[in-house]
Amino acid sequence: MKEVQARKQSLIEDTQNLLKIKSLLDEDSATEDAPLGQGVKEALQFMLELGEKDGFIAKNVDNLAGHLEFGQGDELIGILCHVDVVPEGDGWTSDPFGADIRDGKIFARGAIDDKGPTMAAYYAMKIVKELKLPLTKRIRMIIGTDEESNWRCVDHYFKHEEMPTCGFAPDADFPIIYAEKGIADYDLVQKPLSTNEKVGNELLSFESGRRYNMVPDYAKAVITISGNPAPIISSFEDFLKDNDVTGKHTNTKEGLLFELEGISAHGMEPDKGKNAGLMLAKFLSSLELDKQAAAFVHFVSAYFYQDSRGRALGIAYSDDITGDLTINVGKLSYDLENGGRLGLNMRYPVTTNLEETIVKLEEKLTVEGFKIDNFSDSKPHHVDEQDFLVHTLKKVYEEQTGEKAELLAIGGGTYARSLKSGVAFGPLFPGRPDIAHQKDEYMIIEDLLKATAIYAHAIYELAK
């Protein structure tokens, strides 16, 4: 901690400078040189240039990932971080990429997930290197750029580069996360109806959510109303009041626009947020709509509204290691031509029989006129609690904090699962609120410094 304090100002400034880079996935402006967009590339370059300046061996792997390394030896200790962030969303008190400091906290998108922790781990490496501590292994920070989406960065990286002997990802909670749920992203697509009967009101469009792994905080729908719109408007206002959410309605040339604001949260625990898309679908299910739209909103309401555990779908499951299966409806859309589509983020326990789960799901979907599309899966991850890595990190955490290092299991997916032997290790201390993916995301400066000291100690113990 003394060594961290000696570098406190530069640690804070480097963290702020990294946070000011708007490193969002931007495939629309992607080039061969910047395959995931310019902002993501800029953040990766920032870290590699910082490392080169400080004497680390730096390598850029096709602008999808990179690494910084020091030390000698056959074995390699990996520290897996990422510099991409989720979209900022609305309602921030200050510029989400301003990295303002207030009340001892740095506020920015990515402050806790994962740029603050990345800089803590970087300075931890820097401290061990500058102190010239005797090591028998190499230390490598692996920097990803697509963690919040499809993990193309680490997939590409490990096709070309060495797999670490063991390592950790500073991208979750302290003390130690030794088990992570499996994560499946997929779409549910409405099968077209042979005829779409119109019964007065017609749903022209419905839209909510941008990422599978975020609870949508905004939804909008446009309806053409036949007859007097006043009762529908009144019903909408009552719905907002009853559910303690805000929204508005506007007359447009296309029709009556309904907008609803929810509360965003990380998709690993949907119940921490208020899903604007599900709420608006629930309201729409109370209206008389054309046949195709009615089938869509009734399906969404019946199977997902206030049910994040897959109970109505018949796929609920739980185990003692990682808890409940959860489903986040991260994306919802509907239009007259294509019908409805939902983007799901399903996190399933380590003992789940996934094939059986999908069979049960498909049986239910067939009856309801939906099918699965774009299925992708990241298998569960579990490291034995007697493993050298777990044992060492427990020792470090307990010495640094004076608190018992409990082993945790999570629904989140970290880069730890891309390692043969890897765990997630911090930076969120017990009792701190998890504000990743939410507006006004922040990292407490005191925690940034404390995490840096823990990571430095961990690197030394793993590699000495």
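User: In this predicted model, which residue of β17 stands opposite Glu207?

Analyst: Let's start with the strands: β11 covers residues 202–208 and β17 covers residues 326–335. The two pair in the antiparallel sense over 4 bridges. Opposite Glu207, in β17, stands Ser333.

User: And how many bridges join β11 to β12?

Analyst: β12 takes in residues 218–224 and runs antiparallel to β11. Leu203 stands opposite Ile223 in β12. The number of bridges joining β11 to β12 is 6.

User: What is the strand order in the open sheet of 3 strands?

Analyst: Look at the edges: β4 (100–102) and β24 (442–444) each pair on one side only. β4 is joined to β5 (residues 105–107) by 3 antiparallel bridges, and Asp100 has Phe107 in β5 as its bridge partner. From one strand to the next the twist averages 25°. The order, with antiparallel pairing, is β4-β5-β24.

User: Which helix packs on that sheet touching β4, β5 and β24?

Analyst: One helix on the sheet is α4 (residues 111–130), which touches β5 and β24 and makes about 50° with the direction of β24. The helix you're after makes about 65° with the direction of β24, and touches β4, β5 and β24. That's α11.

User: Is α10 parallel, antiparallel, perpendicular or oblique to α11?

Analyst: Helix α10 (residues 388–401) packs against α11 (residues 445–463) with the axes 9 Å apart, at an angle of about 140°. Roughly antiparallel needs over 145, and roughly perpendicular spans 65 to 115, so an angle of about 140° fits neither. That makes the arrangement of α10 to α11 oblique.

User: Is their crossing left-handed or right-handed, and how do the contact residues divide?

Analyst: The crossing of α10 and α11 is right-handed. On the α10 side the contact includes Phe388, Leu389 and Tyr397, and on the α11 side it includes Ala453, Ile454 and Leu462. Charged residues such as Lys395 and Glu399 in α10 and Lys450 and Glu461 in α11 take part too. The contact residues divide into 9 nonpolar, 4 polar and 4 charged.

User: How many residues apart are Phe168 and Phe425?

Analyst: The structure holds 23 aromatic pairs, and Phe168 with Phe425 is one of them, at 5.6 Å centre to centre. With 75° between the planes, the pair counts as edge-to-face because that is over 60. Phe168 sits in β7 (residues 166–169), while Phe425 is in the loop between β22 (422–424) and β23 (427–428). The pair links distant parts of the chain, and the residues apart number 257.

Methods: Residues numbered from 1 in each chain as written. Predicted model: local features only at pLDDT ≥ 70, side-chain atom pairs only at ≥ 80, totals over all residues. Heavy atoms only, no water. Axes fitted to C-alpha atoms, helices over the stretch in contact; angles between N-to-C directions. Parallel < 35°, antiparallel > 145°, perpendicular 65-115°, else oblique. Left-handed = near helix turned anticlockwise from the far one by under 90°. Contact = heavy atoms within 4.5 Å. Nonpolar A, V, L, I, M, F, W, Y, C, P; charged D, E, K, R; others polar. Pairing = 2+ DSSP bridges. Phe/Tyr/Trp six-rings, centres within 6.5 Å; stacked < 30°, edge-to-face > 60°.
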